[in-house]
Amino acid sequence: MKRFKDGKFQVLVATDVAARGLDISDIELVIQIEPPKDTETYIHRSGRTARAGKTGTCITFYTKKTYELVQKIEDMAGIKFKRIGVPQAEDVIKASSRDILKNLKDVNEDVLHLFADTAKCLIDQNDGDAEKAL
């Protein structure tokens with residue numbers, strides 16, 4: 001828990017019981033594997049992203065069986081969820097490529113030379129087409 005608060009871990013997985021006792025600021029994303037049975041619990045869980053005037057995102061997975069719980073939460077809390085479908089393969093690939101680009105930008109310049117031979121070899125294997133090699 002301390003490592004998460006200190007920013008050494010970027011992800012924290014918690015049960016509902018554990019989540020109730022956590023007091024952590026700067027939570028940007030909460031993912032609920034299924035909607036809770038009552039609105040108060042939903043507000044409590046998702047509210048972790050909205051402390052001290054901050055905003056965040058709460059994703060709640062649901063099925064046809066639990067759809068009524070989602071509707072009940074909307075009605076009782078006076079909110080409207082944005083519903084999106086299951087990500088398609090193309091969506092996942094595009095998101096992954098954005099993450100790769102970010103990770104590449106974070107590589108320390110002092111170690112870039114260690115990748116030069118591999119990069120050149122990859123480009124050569126693709127007839128000099130750097131885009132194809134990437």
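Student: How much space lies in the largest pocket, and what makes a set of grid points a pocket instead of a cavity?

Tutor: The largest pocket holds about 1,000 Å³ of space, the volume being what probe spheres fill when set on points joined across faces, edges and corners. The points sit on a 1 Å grid over the protein atoms alone: a cavity is where a 1.4 Å probe fits but cannot get out, while a pocket is an open set with protein on both sides within 12 Å along at least five of seven lines. Keep in mind that this is a predicted model, where local features need pLDDT of at least 70, side-chain atom pairs need 80 or more, and totals for chains, interfaces and linings use all residues. Residues are numbered from 1 along each chain as its sequence is written, and side-chain values use heavy atoms, without hydrogens or water.

Student: Which residues lie closest to the centre of the largest pocket?

Tutor: Out of 30 lining residues (an atom within 4 Å of a point), L12, I27, L29, V30 and I31 are closest to the centre. Strand β1 (29-32) gives the most, four residues; strands are DSSP runs of E, at least two residues, and helices are runs of H or I, at least four, numbered from the N terminus. Helices α1 (2-5), α2 (16-20) and α3 (39-46) also give two or more residues each.

Student: How does the lining of the largest pocket divide by residue kind?

Tutor: It has 16 nonpolar, six polar and eight charged residues. Nonpolar covers Ala, Val, Leu, Ile, Met, Phe, Trp, Tyr, Cys and Pro, charged covers Asp, Glu, Lys and Arg, and the others, Gly among them, count as polar.

Student: And what lines the second largest pocket?

Tutor: That pocket, of about 750 Å³, has 18 lining residues, with C58, I59, T60, K82 and I84 nearest its centre. Strand β2 (residues 57-60) gives the most, four residues.

Student: Why is the pair of Y42 and F81 called edge-to-face?

Tutor: Rings of Phe, Tyr and Trp (its six-membered ring) pair if their centres lie within 6.5 Å, and planes under 30 degrees apart are stacked, over 60 edge-to-face, the rest tilted. Y42 and F81 are 5.3 Å centre to centre with 80° between the planes, which fits edge-to-face. Y42 lies in helix α3 and F81 in the loop between α4 (67-77) and α5 (89-105), so the pair ties together parts 39 residues apart in sequence.

Student: How do you know that Y42 is buried?

Tutor: Its relative accessible area is 6%, and buried means under 20%, exposed over 50%, partly exposed in between (1.4 Å probe, protein chains only).

Student: What makes the pair of Y62 and Y67 tilted?

Tutor: Their ring centres are 5.7 Å apart and their planes stand at 45°, so the pair counts as tilted. At 34%, Y62 is partly exposed, and Y67 is partly exposed at 30%.

Student: Which polar contacts does the side chain of R83 make?

Tutor: A polar contact is a pair of N or O atoms within 3.5 Å; within protein, one must be able to donate a hydrogen and the other to accept it, and residues adjacent in sequence count only if both atoms are side-chain atoms. The side chain of R83 reaches that of Y62 at 3.4 Å and that of E74 at 3.0 Å, so both distances fit the 3.5 Å limit.

Student: Why is D127 called exposed?

Tutor: D127 has a relative accessible area of 74%, so it counts as exposed. D127 lies in the loop between α6 (116-125) and α7 (130-133), and has a positive phi of about 55° although it is not a glycine.
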